[in-house]
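Please look over the sequence and model below. A short briefing on charged pairs, burial and helices comes after them.

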Amino acid sequence: HRDARQRLALGHGVAVLRRQEHRHAQRGAARDDRHLVHGVVALHELAHQLVYVPGDSTFNESFATTVELEGVKRWLAVHGTPEQLAEFQAGQVRRRDFAELVTRYRDRLEKLYASGIDAKAMRSAKARTFEEMRQDYHALRARWGGFAGYDWWFDQPLNNAQIASVA
């Protein structure tokens, strides 16, 4: 059942992307990526409408994200430019790299909190950990060719809630 539902969600989402592309072309507007962003959201949300397991957020989000990503890849392969497909793929790599960075530091912080050191030493170690995370992000950003899309996240004061929102 899940495979059939996933194909159905993907089909609906791709149809949404095609309708947006058609409307965009009818207006004579230059091709840009804004309609693709709306299509990505539509794919994700349509997947939730077609398959939703109460009480299983991990499955629900994993399923919707899989449908979203596969739908965008398929749409770009047929309707997108090679540059759009390459940028989408690079964006997926950056998204994965960012999540891995945050997860790695979340794990370090969990070990720090479980270490039993006194509060003053813990605050100091936590500040060092956040600073190291920022430095690792800057190295990652350089590896991405200067892509600054996550700067906003690092420009605000880092805290546990912010880390938990990603990892």
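The points below cover helix H4, the salt bridges and one buried asparagine.

The model is predicted. It holds 12 salt bridges. Several of them are described here, along with the helix that carries many of the residues named.

**Helix H4**
- Helix H4 covers residues 82-114, which makes 33 residues.
- At 1.5 Å a residue, H4 should span 48 Å, and its end C-alpha atoms are indeed 48 Å apart.
- Buried residues in H4 include Phe-88, Gly-91, Phe-98, Leu-101, Val-102, Tyr-105, Leu-109 and Leu-112.
- Polar and charged side chains are on the buried list too, among them Gln-84, Arg-94 and Asp-97.
- An α-helix has 3.6 residues a turn, so residues three or four places apart point the same way.
- The cover over the buried residues of H4 includes H3, H5, H6 and helix H7 (160-166).
- Just after H4, Gly-116 takes a positive phi of about 80°.

**Salt bridges: pairs**
- Arg-94 pairs with Glu-87, with 2.5 Å between the closest N and O atoms.
- Arg-94 is buried, at a relative accessible area of 9%. Its partner Glu-87 is partly exposed, at 42%.
- Arg-106 pairs with Asp-107, and here the closest N and O atoms are 2.9 Å apart.
- Arg-106 is partly exposed, with a relative accessible area of 25%. Asp-107 is also partly exposed, at 31%.
- Arg-141 and Asp-151 form a salt bridge at 2.9 Å, N to O.
- Arg-141 sits in helix H5 (residues 119-143) and Asp-151 in helix H6 (residues 151-155), so this pair ties together parts 10 residues apart in sequence.
- Arg-141 is partly exposed, at 24% relative accessibility. Asp-151 counts as buried, at 16%.

**Salt bridges: a network**
- Which residues are linked in a network of salt bridges? They are Arg-96, Asp-97, Glu-100 and Arg-143.
- Of these, Asp-97 is one of the buried residues of H4.

**Asn-60**
- Asn-60 lies in helix H3 (residues 57-79).
- Is Asn-60 buried or exposed? Its relative accessibility is 3%, and the cut-off for buried is under 20%, so Asn-60 counts as buried.
- Leaving aside residues up to four places away in sequence, Asn-60 touches His-48, Val-51, Tyr-52 and Val-53.

Technical notes
Residues numbered from 1 in each chain as written. Predicted model: local features only at pLDDT ≥ 70, side-chain atom pairs only at ≥ 80, totals over all residues. Heavy atoms only, no water. Salt bridge = Lys/Arg side-chain N within 4 Å of Asp/Glu carboxyl O. Buried < 20%, exposed > 50% of the residue type's maximum accessible area, 1.4 Å probe, protein only. Helix = DSSP H or I, 4+ residues; strand = E, 2+ residues; numbered from the N terminus. Contact = heavy atoms within 4.5 Å. Expected span 1.5 Å × (residues − 1).
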